[in-house]
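Please work through the exercises below with the sequence and the model open beside you. Try each task before you read its solution.

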Amino acid sequence: VQLQASGGGLVQPGGSLRLSCAASGSIFSINYMGWYRQAPGKQRELVAGIISGGLTNYADSVKGRFTVSRDNAKNTVFLQMNSLKPEDTAVYYCNAEIRTGWNTRSADYWGQGTQVTVSS
């Protein structure tokens, strides 16, 4: 199983970016998909997550600005980031809880990370 993230880049304050993360490989089901970020010198933190039924959760710092969504048919999670601030600068990682078979337990998988830089 692999998670491939894309969509990072450099954007000015107030701008927008859309991140995507596609899971591929031997996938039976995906319960949770989410995004974390890690800024230099800081611990990795949860940004937003979504379960298969559509229920979402967000870090307080991004509520009202970021929107997480998923395409279950394509095993893909998205993060629409609006009104970006310099403090959103970080490496963003996608995460998913994936079962590879009907009789297996979920395991955590991580993408490779994509850099988001918010600067004028």
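The exercises that follow concern a predicted model, and each task is followed by a solution in steps.

**Exercise 1. The order of the strands**

Task: In which order do the four strands of the open sheet stand, and which are the edge strands?

Solution: Begin with the order, which is β1-β3-β8-β7 in an open sheet of four strands with antiparallel pairing. The edge strands are then β1 (2–6) and β7 (66–71), each of which pairs on one side only. As a last step, look at how neighbouring strands of this sheet lie against each other: on average they are turned by 15°, with direction ignored. As background, strands of a sheet pair through backbone hydrogen bonds, in either the parallel or the antiparallel sense.

**Exercise 2. Strand β8 and its two partners**

Task: How many bridges join β3 to β8, and how many join β7 to β8?

Solution: Take β3 to begin with, where residues 17–24 run antiparallel to residues 76–81 of β8 and six bridges join the two strands. Within this pairing, Leu17 stands opposite Met81, while Arg18 stands opposite Gln80. Turn next to β7, which is also antiparallel to β8 and is joined to β8 by six bridges; here Val68 stands opposite Leu79. Finally, consider how β8 is covered: five of its six residues are buried.

**Exercise 3. Two loops with a positive phi**

Task: Where do Asn75 and Ser83 lie, and what is the phi of each?

Solution: The general background is that most residues other than glycine have a negative phi. Asn75 lies in the loop between β7 and β8, a hairpin with four residues between the strands, and the phi of Asn75 is near 50°, a positive value. Ser83 lies in the loop between β8 and β9 (90–99), and its phi is likewise positive, near 50°. To complete the description, check accessibility: Asn75 counts as partly exposed because its relative accessible area is 24%, and Ser83 counts as partly exposed because its relative accessibility is 41%.

**Exercise 4. A buried alanine and its surroundings**

Task: Is Ala23 buried or exposed, and which residues does Ala23 touch beyond those up to four places away in sequence?

Solution: Start by placing Ala23 in strand β3. Its relative accessibility is 8%, and buried means under 20%, so Ala23 counts as buried. Then list the residues that Ala23 touches, leaving out those up to four places away in sequence: Gln2, Leu3, Ile30, Lys74, Asn75 and Ile98. One of these, Asn75, is 52 residues from Ala23 in sequence, yet their C-alpha atoms are 5.4 Å apart in space.

**Exercise 5. A second run of pairings**

Task: With which strand does β4 pair over six bridges, and with which does β5 pair over three?

Solution: The strand that pairs with β4 over six bridges is β5 (residues 45–51), in the antiparallel sense, and in this pairing Trp35 has Ala48 as its bridge partner. The hairpin of β4 and β5 has six residues between the strands, and Gly41 takes a positive phi near 80° there. Moving on, β5 pairs with β6 (residues 56–58) over three bridges, again in the antiparallel sense, and Ala48 stands opposite Tyr58. The hairpin of β5 and β6 has four residues between the strands, and Gly54 takes a positive phi near 105° in this hairpin.

**Exercise 6. Arginines and their partners**

Task: Which side chains does Arg37 meet in polar contacts, and over which rings do the charged ends of Arg18 and Arg44 sit?

Solution: Arg37 lies in strand β4 (residues 29–38) and counts as buried because its relative accessible area is 6%. Its side chain is joined to that of Asp88 by a polar contact of 3.0 Å and to that of Tyr92 by one of 2.9 Å. Beyond its neighbours within four places in sequence, the residues in contact with Arg37 include Arg44, Val47, Phe66 and Val91. Of the two remaining arginines in the task, Arg44 has its charged end over the ring of Tyr93, 3.8 Å from the ring centre. The charged end of Arg18 sits over the ring of Phe78, 4.3 Å from the centre of that ring.

Key:
Residues are numbered from 1 along each chain as its sequence is written. This is a predicted model: local features need pLDDT of at least 70, side-chain atom pairs count only at pLDDT 80 or more; totals for chains, interfaces and linings use all residues. Side-chain values use heavy atoms; hydrogens and water are left out. A charge sits over a ring if NZ of Lys or CZ of Arg is within 6 Å of the ring centre and within 35 degrees of the ring normal. Two strands pair if DSSP finds at least two bridges between them. Axes are lines fitted to C-alpha atoms, for helices over the stretch in contact, and angles run from 0 to 180 degrees between N-to-C directions. Buried means under 20% relative accessible area, exposed over 50%, partly exposed in between (1.4 Å probe, protein chains only). A polar contact is a pair of N or O atoms within 3.5 Å; within protein, one must be able to donate a hydrogen and the other to accept it, and residues adjacent in sequence count only if both atoms are side-chain atoms. Contact means heavy atoms within 4.5 Å.
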